[in-house]
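Thank you all for coming. I would like to walk you slowly through one chain, beginning with its overall layout and then turning to a single helix.

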Amino acid sequence: MENLKCLFTNFPWDILLFCLILGLLIWWLLSRMLTKLKDRIAELEERNVFLESELEACRKKNIRNGMPDTKELEGWKDKVLKLQEELDQCKKSRSAVGASAVVPVAALAEEPVKKDDLKVVEGIGPKIESLCHAAGIYTFSDLANTSTETLKDILVNAGSRYQMHDPTTWPKQAALARDSKWDELKSWQDELNKGRE
């Protein structure tokens with residue numbers, strides 16, 4: 001009996017109580033985290049099932065609409081490769097027979113118009129550049145050779161919102177760009193205010 005009394009009086013109840021509370025707190029946190037993890041896993045599984053059903057529906061719809069499945073696409077890739085090989089062989093045989101007598105199609109086509117970036121000229125933005133292109137001004141040389149009056153007419157004909165622009169310096173700026181005098185152009189543009197002196 002005295003042993004029991006000694007046990008109850010000398011036992012560190014406070015340490016036991018602290019360990020018990022700490023264990024319960026850890027158990028509660030872990031169970032909460034596991035519950036959230038299980039909910040997230042269930043949510044992801046539902047999303048996966050939904051996406052798989054959507055994918056299957058799209059495949060069925062594409063098959064009904066005559067769209068090829070992946071096996072057909074692989075077959076088409078093989079056909080494309082075979083046709084490409086045949087085309088290469090045909091080109092080789094044509095050149096061996098005497099392709100010099102055949103005029104290439106590219107030679108018959110018009111030479112593409114070389115266009116400079118007219119937006120380099122201060123005061124010209126994308127819309128004014130398109131107006132210049134519509135008027136046949138594609139290069140810095142074209143712009144340098146265009147009179148200020150012609151440029152003003154282009155702006156006036158484009159509407160009232162373009163009439164506020166002053167094209168007085170544009171031909172000079174374009175001439176500097178045409179001649180690749182980029183440093184001189186840049187220093188002059190630093191002095192200009194939206195293309196105006």
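Let me begin with a term: two residues are in contact when they have heavy atoms within 4.5 Å. What you see is a predicted model, in which local features need pLDDT of at least 70 and side-chain atom pairs count only at pLDDT 80 or more, while totals for chains, interfaces and linings use all residues. Residues are numbered from 1 along each chain as its sequence is written, and side-chain values use heavy atoms, with hydrogens and water left out.

Among the contacts in the chain with a separation of 6 or more, 49% are between residues 24 or more positions apart. The chain has nine helices and zero strands, where helices (H or I, at least four residues) and strands (E, at least two) are DSSP runs, numbered from the N terminus. Of its 197 residues, 17% count as buried, and buried means under 20% relative accessible area, calculated with a 1.4 Å probe and protein chains only.

Which residues of α8 are buried? They are Trp 170, Pro 171, Gln 173, Ala 174, Ala 175, Leu 176 and Ala 177, that is, seven of the nine residues in this helix, which spans 170–178. These buried residues pack against α5 (126–134), α6 (140–144), α7 (148–158) and α9 (182–191).

Just ahead, in the loop between α7 and α8, lies Thr 169, which counts as buried because its relative accessibility is 1%. The side chains of Thr 169 and Gln 173 are joined by a polar contact of 2.9 Å, meaning a pair of N or O atoms within 3.5 Å, where, within protein, one must be able to donate a hydrogen and the other to accept it, and residues adjacent in sequence count only if both atoms are side-chain atoms.

Definitions and conventions: Buried means under 20% relative accessible area, exposed over 50%, partly exposed in between (1.4 Å probe, protein chains only).
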